[in-house]
Structures are given as C-alpha cells and as structure tokens.
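Here are a few notes to help you find your way around, written for someone opening the file for the first time. Please keep the viewer open as you read.

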Amino acid sequence: MSDARIYFYGGANQRGGNQFLLEDRSVRGFLDFGMNFDLFGKYYSFPASPQKFRSLQELTKIGIYPDFDKYPGFDGAYRSDYLQYMGRVPIEEKTVDFVLLTHAHLDHASGIHFLDPSIPVYMDRYTKMLLHSIQETGNASFSEFIDFKDAFEQTPRLREAGYTWLQGKIARTSRNIKPLKPPEPVNIGHIKVEPHYVDHSLPGACGLIIHTSAGIVVYTGDMRFRGRRRQDTEAFLARAAELHPDYMLCEGSLINKLNPGTEDDIVRNVSDFIRDRKGLVVASYPPRDLDRLLTFYWIARKTGRKLVIDARQAYILDMFSGVFGYPTTNSDVIRIYMPKKNKGTLDTEYPDPERDYQKWERPYIEHRNRITKEELQRNQGHYIRSMSGGQIRELSDMDMLDDSVYTRSHPEPYTEEMELDEKILKIWLEKLNLIHLEDPKDLFNSGQIFEVPQSHINGHMTGEETAYAINRVNPKVLIPIHTVEADDFRKMFSGEIWIPQLGDVLEL
C-alpha cells in the first residue's frame with residue numbers, strides 16, 4: 001500500500017463542495033473545504049438554516065461535511081465549542097494539519113468556519129481579502145473564515161451578578177492564516193506545494209501543483225480562459241505539463257453548457273443594448289465578481305452613465321484599492337447607493353441616522369460619491385444600478401421611465417428554488433416596467449432561450465477548453481472532480497481516467 005492517498009469527502013460526482021483530504025505519510029490536509037449547495041438546498045429552503053448550537057451536528061449528519069460516525073477522527077479537526085455543545089470531547093491532537101484553499105467561493109471555502117482555528121489555512125492575499133469582506137459585511141451565520149469567536153463562552157457581568165455571553169472584539173481571535181504568494185512554493189512538512197494564479201470569476205484563484213512522496217498531483221481548483229487573466233491559466237498549465245504529473249484533479253462543472261463570449265463581449269453587447277435608452281438600467285451580477293464589476297464599469301464609461309453600487313461592493317473596492325485595474329470608490333464613474341434601513345432616518349432631520357447602519361457601512365453615508373434616491377429618480381438615464389434580483393423591490397417607490405430595463409449577468413436558474421425566485425423576479429420586473437416583450441433576451445445571440453435579457457460568461461471551462469487543459473498537461477491519471485458529468489471526460493482524454501465517488505480513497 002502506498003504512503004500517500006486522497007480521500008474524497010466532497011466534490012466527487014458533485015458540482016462543488018470540494019473536500020479532498022490528502023494524506024502523505026504523517027501529514028494530512030484538505031485541498032479546499034467547501035459546501036455543496038445543491039445538497040444543502042435539499043434540506044433547507046431559504047431563509048432556513050441550521051441553528052448555531054446544532055449546526056455541526058446537522059451538517060455532518062446530512063453529509064455536507066465529513067460525518068463522525070462514517071469517517072472517524074474528525075473530533076480532532078472541528079472547532080471545540082461546537083463539539084462540546086454536541087457532547088463530544090475534542091481531541092487535543094489535531095487530525096488535520098492544514099487546508100490549502102484555492103479561492104474564496106463558498107463551495108470551496110465555507111467549511112473553514114467549522115474547523116479548529118489552530119489549523120493552518122493557506123490562501124493568497126486576495127482570497128483573504130474577499131473572505132474578510134464576506135465575514136464583515138455578510139449576513140451568513142457561519143462565516144468565521146479569517147477570525148474566530150467562541151460561540152458559547154461566557155464572562156462575568158460587570159454591574160451585576162451572573163454571566164453573559166462573550167461578545168464583540170474581546171471574543172474575536174485570528175485564525176491561523178498562512179500566506180500563499182504565487183508562484184512561490186511553500187513546504188508543508190515534506191510536501192511541496194506550488195500555487196499558481198488562474199483565470200476565474202474572482203481574483204486570487206489558484207491552481208495547485210503538489211509534490212508528494214508518491215508523485216506529483218495537479219489540482220485545478222476552478223478556472224477558465226475567457227476572462228481577463230487567460231495568461232495565468234496558460235502559465236499554470238505550462239508549468240504542470242513541464243513536470244509530467246502523475247495525477248490531475250480537473251474540475252468539469254459546466255463542460256456541457258453552451259457558454260459563448262468573453263468579458264469584453266459583455267461590454268460590447270450590453271453597451272449596444274442600453275446605449276439609446278433614456279431610462280434606468282438595472283444590472284444584476286455576482287457582488288464579489290470584481291471582473292464583472294469592472295465590465296459594468298466599462299459599460300458605464302462607454303454609454304456615458306455612472307455605475308451605482310451598494311456599500312458591500314464599495315467596501316471590497318476600498319480593500320482592493322485599484323489592484324487589477326478595478327475602479328476605486330472615488331472614481332468619477334462610481335456612485336454608492338445607501339438604502340434607508342430600520343427606522344428610515346437617512347437624509348431626514350433625525351439627529352443620528354448612523355445608528356441604522358453597521359460600523360462598516362457608516363463611512364459611505366458621507367462619501368463624496370454617495371447618491372440619493374431622489375437623484376436616481378430625477379436622472380434615470382445617467383445611471384446603471386447594480387443590484388441582485390432579491391433587491392429589486394427596493395425600486396418599488398420609484399417611477400420608472402418607459403424604456404428602463406433590467407439585464408442579468410450571472411447564471412440563469414438551474415434549481416427548483418432558483419426557478420421559484422425567477423418567477424418572483426419576473427413579477428417584480430413587470431410591475432416596475434423593467435422588462436419588455438420586444439427586448440432581446442439573449443444578448444450573445446447564441447440561440448439560447450432566457451426569460452430576461454441575459455449576458456453572462458461563467459467562471460468555468462467549456463468542454464472544448466477542458467479537453468485542451470487536460471491534454472496540455474497529459475497526466476498519467478485523470479481524476480474528474482467538481483462535476484456531475486464525469487463520464488464525458490472519456491471523450492476528451494484517451495489516457496487513464498479514475499472517476500471518484502463520495503467516500504472513495506485513491507491510493508497514490
């Protein structure tokens with residue numbers, strides 16, 4: 001038996017939820033530790049989610065994360081506060097030595113919240129920035145990716161007898177975050193890891209080349225060729241091919257999906273779609289997809305409009321501070337919209353409107369580029385308003401001009417829950433006069449049928465691009481992951497293919 005092996009706890013015959021445990025002699029670590037949202041959606045319907053005190057018990061029981069009974073030993077990997085609440089005794093000796101994180105999408109990173117904070121988590125600086133933004137500005141219950149708070153620790157009350165929950169900064173400690181600086185290698189025990197940037201739908205995404213005692217393992221993470229960093233993907237593949245690797249874990253999320261165009265094509269198509277309109281343009285795209293934000297920034301420039309973003313996107317832009325050509329919040333093309341919240345005191349005579357907002361939001365109340373609802377209403381033709389489908393109802397108190405329009409720049413619905421959301425979205429779009437029968441629905445003119453105007457490229461490879469990547473590297477053994485269409489890899493590669501199922505172990 002080999003001294004090295006890979007355990008497939010997630011991402012095998014699944015689209016996302018990557019959890020690959022690499023064991024090499026005495027060193028054990030995860031290649032990503034994410035959540036499979038398709039599986040999660042079978043058990044929880046938004047806004048339902050597990051209660052904090054029982055979340056680890058539920059999520060391991062249904063197979064989102066490795067189950068204690070099915071896979072013994074994880075008492076030494078999960079966080080002790082949740083384990084103790086479950087009546088389990090944490091193992092002092094950790095059974096996981098590291099996590100290598102390829103990027104900040106939650107189907108790869110979400111499970112970090114549940115891991116013991118002393119376990120080293122390797123990530124690049126941009127991934128750390130994005131995860132920090134999710135932690136600080138998001139509403140999710142399980143987002144302690146960079147910092148950690150003991151969920152059930154108590155402290156004596158200051159002014160009366162008894163105890164209270166430990167809260168605020170005093171409860172927060174930093175996780176053991178280790179930097180990746182692509183392409184510099186990092187050594188974890190006797191294992192050498194080469195991280196390389198790849199093109200994906202958010203910055204900081206990496207592919208990994210892992211030198212083990214049983215050979216070289218290439219792990220693609222998620223990657224594409226049609227964004228603004230194709231050269232990164234090509235450089236990663238060139239380095240991998242140079243090493244003649246033994247194994248290649250290759251993602252195949254959307255290999256059979258028609259996916260035409262590039263980011264620059266979106267700029268051209270949407271610009272043509274909105275150029276002569278006098279009304280408001282509403283654009284929906286993933287809020288942390290900074291390449292897509294940059295795309296709509298260029299669309300705004302080309303069409304003489306301003307791009308109106310929300311405070312969360314402003315927070316991220318301030319963190320990145322112009323890196324990769326992303327705009328700053330002081331750009332003359334950027335405007336920041338702050339909706340009224342809670343008591344609705346913003347822009348009224350109320351003496352302290354900041355109390356309606358969290359601390360991270362407050363700097364944008366007085367920001368030089370903040371825009372009011374009244375300005376948006378008066379000059380609709382000057383703006384592109386960035387907002388998700390779920391935020392559309394915020395426009396209910398505006399009177400839209402007749403040629404105002406909505407365009408979607410993210411994936412169309414592909415689950416029952418998303419299809420239900422789509423029905424609600426269409427009702428709102430019709431009510432707000434943001435959708436019109438004569439408008440083209442496929443801005444790429446690819447022949448696909450959509451319900452609303454669509455111009456999107458995703459963060460993954462097409463089948464043709466996947467075949468190119470695999471044969472460029474030409475591994476001894478190909479391992480399809482992050483896909484439910486693994487058998488289709490046989491059409492792409494004539495060499496040996498090993499298709500994992502959940503719970504399988506590959507001896508290297």
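Strands here are DSSP runs of E at least two residues long, numbered from the N terminus. With that in hand, please remember that this is a predicted model.

1. **Backbone at D32.** A good place to start is D32, which belongs to strand β3, residues 27-33. Its phi is positive, near 70 degrees, and the residue is not a glycine. Most residues other than glycine have a negative phi. Is D32 buried or exposed? D32 is buried, because its relative accessible area of 0% falls under the 20% cut-off.

2. **Backbone at H482.** Another non-glycine residue with a positive phi is H482, at about 55 degrees. You will find H482 in the loop that runs between β22 (477-481) and β23 (496-497). H482 counts as buried because its relative accessible area is 1%, and the limit is under 20%.

3. **A cis peptide bond.** Please look next at the bond from P182 to P183, which is cis, with omega near 5 degrees. Most peptide bonds are trans. P183 sits in the loop between β10 (177-180) and β11 (186-188).

4. **Two packed helices.** Two packed helices are described by the angle between their axes and the distance between the axes. For α5 (residues 125-137) and α9 (residues 311-320), the angle is about 150 degrees and the axes are 10 Å apart. The crossing of α5 past α9 is right-handed. On the α5 side, the contact is made by Y126, M129, L130, H132, S133, E136 and T137, while α9 brings R312, Y315, I316, M319 and F320. How do the residues of this contact divide? They comprise 7 nonpolar, 3 polar and 2 charged residues.

5. **Aromatic pairs.** The model has 26 aromatic pairs. One of them joins F320 and Y326 edge-to-face, with 6.0 Å from centre to centre and 75 degrees between the planes. Both F320 and Y326 are buried, and F320 also appears among the α9 residues that meet α5.

6. **An aromatic cluster and charges over rings.** One aromatic cluster is worth selecting in your viewer: Y7, Y9, F30, F33, Y65, F68, Y71, F74, Y78, Y82, F114 and F142. Y82, a member of that cluster, has the charged end of R79 over its ring, 4.3 Å from the centre. Elsewhere, the charged end of R229 sits over the ring of F324, 5.1 Å from the ring centre.

Key
Residues numbered from 1 in each chain as written. Predicted model: local features only at pLDDT ≥ 70, side-chain atom pairs only at ≥ 80, totals over all residues. Heavy atoms only, no water. Helix = DSSP H or I, 4+ residues; strand = E, 2+ residues; numbered from the N terminus. Buried < 20%, exposed > 50% of the residue type's maximum accessible area, 1.4 Å probe, protein only. Phe/Tyr/Trp six-rings, centres within 6.5 Å; stacked < 30°, edge-to-face > 60°. Lys NZ or Arg CZ within 6 Å of the ring centre and 35° of its normal. Axes fitted to C-alpha atoms, helices over the stretch in contact; angles between N-to-C directions. Left-handed = near helix turned anticlockwise from the far one by under 90°. Contact = heavy atoms within 4.5 Å. Nonpolar A, V, L, I, M, F, W, Y, C, P; charged D, E, K, R; others polar.
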